[in-house]
Amino acid sequence: MNFVVIKGKMICMKNLIGFFLLFIAGNSIAQVSLVGGERIDYFSSWTERGAKVVPSGEIHLSALAVSRYGNYPKTEINSQLLLFPFAPNIGVKHEWFGQNTIVSTQHSLYYPTLGLKWARSSGFQDQIPKSAVVPHIFTFRNELIVSHIINPQPKDCFIKLPDLVLTGRLGFDFSLTSGDSQLPLLDYHFLYHRTASYYNSQKLYFAGVELDGNVYRNFNFSINADYYSIDFNGEWAAESQGKIHWHRDSKFSVSGGYKLYYLNTNYGSQFLAMPVIDFVFKLNHTTRLQNGLFKK
């Protein structure tokens with residue numbers, strides 16, 4: 001087998017020829033051009049639901065989903081900013097271990113009292129009448145997240161393809177309330193099960209799965225499904241979301257797709273289908289050096 005030496009590094013001639021054939025054919029899938037002949041980046045397929053945290057120092061701002069800040073190499077702080085005025089919230093995700101299979105935990109805190117009081121006085125009296133007493137509510141969410149890269153690539157691979165990632169998650173919600181409460185049940189699609197822990201010390205248990213990967217060049221996909229059970233008492237809900245993510249570059253993306261809700265309770269069943277769209281901006285994002293031909 002023939003080898004060449006570049007900057008003191010021995011490289012397999014077969015791999016080198018393969019790279020140049022791909023380059024000439026224009027099949028450098030889901031990546032941007034080399035900068036100064038040394039740097040290369042790709043359009044990551046990882047989403048906020050995966051076990052991987054954002055790189056330290058980076059900020060990912062999402063219009064509708066979770067915004068994230070990498071405050072340590074294996075830890076991020078995150079929040080749903082659109083929801084924040086109605087339910088101030090903050091979460092911490094930490095990667096515990098793993099490379100091709102990553103194990104993380106996510107812990108979040110919500111204070112939904114502000115939004116419930118706003119709904120009571122803003123025309124949602126079919127759900128919360130003006131006579132309702134809204135207590136102080138603190139909701140805690142705890143999740144175990146495991147992500148597995150289905151298409152792991154060699155560490156010395158020069159052309160970095162987006163990961164095909166399968167993620168599973170398990171968790172539960174519980175709430176602490178204070179003061180007198182005359183809050184009625186919120187019997188509406190995505191609200192019923194999400195607010196179940198406000199009443200009678202109930203807990204909401206959930207499990208979910210997501211698949212993320214690349215469709216073509218700068219188009220990625222994500223599809224997920226979640227199951228929710230209220231204290232395993234027979235009331236449950238299911239949700240599914242699928243999106244296509246278009247990356248203008250490695251710092252800005254637009255995604256669009258669908259969201260489905262199905263709710264089965266003691267009061268009947270409900271179904272809702274709706275479109276979803278999101279924008280993500282990455283701040284302090286830098287193109288990563290890839291291992292391989294131009295590694296340092």
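In this predicted model, D173 and R141 pair up through their side chains in a salt bridge, with N and O 2.7 Å apart. D173 sits in strand β9 (residues 165-178) and R141 in strand β8 (residues 136-149), so the contact ties together parts of the chain that are 32 residues apart in sequence. Both D173 and R141 are buried.

Strands β8 and β9 also supply the partners of another pair, E143 from β8 and R169 from β9, which are 26 residues apart. Here the side chains meet in a salt bridge with an N to O distance of 2.3 Å. E143 has a relative accessibility of 7%, so it counts as buried. R169 comes out at 11% relative accessibility and therefore counts as buried too.

A further salt bridge brings E239 together with R194, the closest N and O atoms being 2.5 Å apart. This one runs between a strand and a helix: E239 lies in β12 (residues 236-249) and R194 in α3 (residues 189-194), so parts 45 residues apart in sequence are tied together. The two ends of this pair fall into separate burial classes. E239 is buried, with a relative accessible area of 3%, whereas R194 is partly exposed at 29%, given that buried means under 20% and exposed over 50%.

Beyond the individual pairs, salt bridges that share partners join R49, E143, R169, E210 and D226 into one network. The E143 and R169 bridge described above thus has both its residues in that network. Across the whole structure, the search finds 10 salt bridges.

Key: Residues numbered from 1 in each chain as written. Predicted model: local features only at pLDDT ≥ 70, side-chain atom pairs only at ≥ 80, totals over all residues. Heavy atoms only, no water. Salt bridge = Lys/Arg side-chain N within 4 Å of Asp/Glu carboxyl O. Helix = DSSP H or I, 4+ residues; strand = E, 2+ residues; numbered from the N terminus. Buried < 20%, exposed > 50% of the residue type's maximum accessible area, 1.4 Å probe, protein only.
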